[in-house]
Amino acid sequence: MKTTMEYFLFATFFLYLFSAVVFLVGVSGAKKKGNAERVKKWGKAGIILAIIGVTLHVAFIIIRIMLSGHFPTSNMFEFIAFLCFAVVLGFIIVFFIYRSFVLGAFVMPIAVILLSYATVFPRDVQPLIPALQSSWLYIHVTTAAIGQGLFGVSFVAGLVYLIHKVGNRDKSKSAISLELIFLVLIMFGSFSIVSTIFQMTGYQATFKHVYKGAEVVQEYKLPAIVSPYESKTVKMDSFAGMSKPLFESPKVFQGEKAASKLNSVLWSIVSGLIIYAIYFAIARKRLGKLLHPLVQKLNLELMDEIVYRSIVIGYPIFTLGALIFAMIWANQAWGRPWGWDPKETWAFITWMFYSAYLHLRLSRGWHGEKSAWLAVVGFAIILINLIVINLVISGLHSYT
Amino acid sequence: MVENTKCECGHNNPVGTILCEYCGKPLQQEVIEKSSIENEMRYEGAARRSQQSVMSLFDRVWAFFSSVKVAISLIVITLILSAVGTIFPQEEFVGAASKELFYQQEYGWWGATFYQLGLSKMYSQWWFASLIAMIGISLVICSLDRVVPLYKALKGQKVIKNIEFMKRQRIHVAVEVATDEEEAKLAELEQQLNNHRYHIQRDGKAILAEKGRFSRWGPYINHIGLIIFLFGILLRFIPGWNIDSFVNLIEGETKRVPQTEYYVKNEKTVAEYYRPEELPPAMKSGGGEVIKKYQTDAVLLKKVPGSNEMKEVTRHEIQVNDPLTYEGLNLLQSDFRPQQLRGIKLGITDKNTKQSKGQFTVVFHEISLHQVYQVGDLKVRMEEYYPDFAIENQRPITKSQEPNKPAFIFTIQKPDGKEEKSWVISGERLPDPEGNQYGIDLAGFDLANQTGLMVRAEKSLWVYLVGGIIFMIGVTMGSYWQHRRVWARVDDGVLYIGAHTNKNWFALRRELEMVGKPIGQVFGLVENEKE
């Protein structure tokens, strides 16, 4: 059954990938005249593939529930994979309201990046520590994730809007900011690829150091660019002549797994930059410019409405999941509905941000480009809550 | 200067009215010059208190808090501050004894500054609370300023609208119709709009088709929910409204639940680990055991009035995520310490025969003075108890109530009625007084699990819940429905159509295309440039 589950995960991954490719092929013909039919044909195939993918994803989730006895949203792999599911689901909903194929050409690749990023984290079925043994937890996390998935769709719609509006601009601040967003997305992708490669080759490095008076062992799955603060190398496989860490991490990263996480971040940055450099050497233009023709015939007003509407659809769901159900669970687990721990605070920040967005839409001048930027920032906040808070802050001070 | 606000249709509008309440004609000069009145349509162009020109102090405050700009600024300031508060941990999550030193040592200058600015207690600072309070005031005033005029305007809206009003809608069209076709056209349009679930009102040669009006109340209802929620937070300032404390209990122990009239007894505390076969390989190699369950079998007790008797109120097997709950009081599993010292075992030996006379156990939390332990044919009575023994000014004292270094004075009563006194001090051997027949020595420890229970009561809980439910109802109404209106009017051989929605224009346009198709009337819906 475990292998069946893995097969379903791979099938889901490939269907999302196919869907992304099909959408892109369809849209890439859009700039020639009379090609509306072609976009439609390929786009239909794309959405069908996405729907089959989502169905397989559901099957994967069901098998995992049967295996573990709990809903799979209780570790990083499970949650990010579920977020990916929520993004695709959100896209399908929005697609059937607005029939936008261009949106699919950008949502699906991002879903692929999300799912591959999820697989970087350990995929084992883990038993639950007592604090997580509550059905309210799953209700809370899944609802919040579906809201976040819709915010993800609005982020992608915002991205499409921006590619059209600023992608082709020369030397403007907004064009560079857009390029930076692509770079970050590439880093997510490249990190997933690098991790997969080293996981397959079984790379290992181990360091020992003292933290809070006790000896701690840190295991690296990626070659150590940076070693833990004041640590001893227990063992380090050699990679491309690198058999010693390049440098030691500063004191702030002395937490239990902080250095290995810092190492991962460095790997994402380095590998992302290398991939981007290779791309640039070949294409000799910014990604924004490369992608711009795909969205040339975009109906800007429609895309603006998709940005807004995805947020409007997601907002009540997010409120319910990330705040109300979260409070119910927190009250059951800790006897108080709210305690301002970083995770809660960032859920509050996300909610306040989207509340501000919805009110800004009431005023002049906050539609279009500015609204698209806000959608991007909003999703960045969600990613901060997901990655920075979970991995960095709780790693530095392990009170969670 | 008094503005003349009487419309040409004869209706007398209040000062500050943008669009005539009755026929919708633009009244203010700058609006007349605009090609689109989309922004003015938001509150039906009605006069709002905050837009009046005469300003008393109250009006100024009102105008300030009624501004959406101010509301957004408050939201943004709050969210930025909240984010800043997570840079370093908040004080409540810091275990260190000296908080000031902790921030200094762990995070250097930045940490020290964080502490000194009070950011380490961000969410309980008065200025943070006042921000939230200001958001609350803004919620009330913003809503009242808009909902009352909007309600009046929508309730009193007329079917026949001024042509200028219709021509200035973001979506509008004007087509010529022959006089004999007028009626048929209008009837067809009415039929089609009706098919799309519009409510139709007809007045002569004019139609008003409307749907989803109730969604306009969504935002105001969700604001009411939020206000109720904030009111719940306000109630917390009432002393005794919340309980937030902690009680440690070793197995068998009964203690008073802080700030209540109840007592809680720990009958049994256990921790259960996952068996190795339940763990995936990655976790097994880690070597650490993974906890599966913490459980405390607890009994809630209450004193019977006028006596020392305890009466059971309720009992529960407390687990994480499964607290004991009784009339708003919650006892939650939150700490577990295995094998804690509960008492000591003492043995009595006859010094003459070197024979053991037996053992007795002194359980610390059960100690009462002059308690008698029966050991064989001896009666051992406790005379003095010093939990944390020390000598000060050559007198025995106790440093605390914790049994860190317990010491006792016992009296042993022999079967013949004679008594002898004996000192027992843990960690020290004191020579027994001359002529004592019996010696008391440490024979072992009595160990048991200790549980830590959080004691929580939050009387505002139901207020939050009511607020949350109302918020959800409002936000759902406002998010998943929209208020769409189509006006049609034949005037002088021309059919004018204007349409408005409070959001999602693209979807409205598509709907109108579908409305137009069967009539054979492709609405060349002109869009006015947005301002």
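Between chain B and chain A, 12 residue pairs are in polar contact, each with both partners at pLDDT 80 or more. On the side of chain B that touches chain A, the residues divide into 36 nonpolar, 11 polar and 15 charged. The structure discussed here is a predicted model, and the values that follow are best read in that light.

The interface itself is a good place to begin. Chain B contributes 62 residues to the contact, and chain A contributes 60 residues. Together the two chains bury about 4900 Å², with 65% of this area on carbon and sulfur atoms. Within chain B, the residues that lose the most area to chain A are B:Phe93, B:Asn321 and B:Phe506, which together account for 14% of what that side buries. Two salt bridges are found across the interface of chain B and chain A. A salt bridge links the side chains of B:Arg170 and A:Glu301, with an N to O distance of 2.7 Å.

A residue of chain A with a contact to chain B is A:Phe353, which sits in helix 10 (residues 342-360) of chain A. With a relative accessibility of 11%, A:Phe353 counts as buried, because the cut-off for that class is under 20%. Leaving aside residues up to four places away in sequence, A:Phe353 touches A:Leu374, A:Val377, A:Gly378 and A:Ile381, and also B:Leu79 of the partner chain. One of these neighbours, A:Leu374, is 21 residues from A:Phe353 in sequence, and their C-alpha atoms are 8.9 Å apart in space.

Also in chain A, the loop between helix 3 (76-98) and helix 4 (101-118) holds A:Ser100. A:Ser100 has a relative accessible area of 6% and is therefore buried, the limit being 20%. The side chain of A:Ser100 reaches the backbone nitrogen of A:Leu103 at a distance of 3.3 Å. Beyond residues up to four places away in sequence, the contacts of A:Ser100 are with A:Phe91, A:Phe95, A:Met303 and A:Ile306.

Turning to chain B, B:His365 is found in the loop between strand 11 (355-363) and strand 12 (372-375). Its relative accessibility of 27% places B:His365 among the partly exposed residues, because this class lies between 20% and 50%. B:His365 touches B:Ile250, B:Glu251, B:Gly252, B:Glu253 and B:Arg342, again not counting residues up to four places away in sequence. The C-alpha atoms of B:His365 and B:Pro403 are separated by 9.3 Å, with the two residues 38 residues apart along the chain.

Annotations from UniProt can be set beside the model for chain B. An unreviewed UniProt entry lists residues 61-88, 126-148, 220-238 and 461-481 of chain B under "transmembrane region". Among them, residues 220-238 are 84% helix and 0% strand in the model, and the end C-alpha atoms of this span are 28 Å apart. Residues 461-481 of chain B are 95% helix and 0% strand, with end C-alpha atoms 30 Å apart. The unreviewed UniProt entry also lists residues 172-199 of chain B as "coiled-coil region". Over residues 172-199, the model of chain B is 50% helix and 21% strand, and the end C-alpha atoms lie 19 Å apart.

Definitions and conventions: Residues numbered from 1 in each chain as written. Chains lettered and ligands numbered in written order. Predicted model: local features only at pLDDT ≥ 70, side-chain atom pairs only at ≥ 80, totals over all residues. Heavy atoms only, no water. Contact = heavy atoms within 4.5 Å. Buried area = accessible area lost by both parts, 1.4 Å probe. Salt bridge = Lys/Arg side-chain N within 4 Å of Asp/Glu carboxyl O. Polar contact = N/O pair within 3.5 Å; in protein donor to acceptor, adjacent residues only side chain to side chain. Nonpolar A, V, L, I, M, F, W, Y, C, P; charged D, E, K, R; others polar. Helix = DSSP H or I, 4+ residues; strand = E, 2+ residues; numbered from the N terminus. Buried < 20%, exposed > 50% of the residue type's maximum accessible area, 1.4 Å probe, protein only. UniProt positions renumbered as here; feature names shortened; annotations may be inferred.
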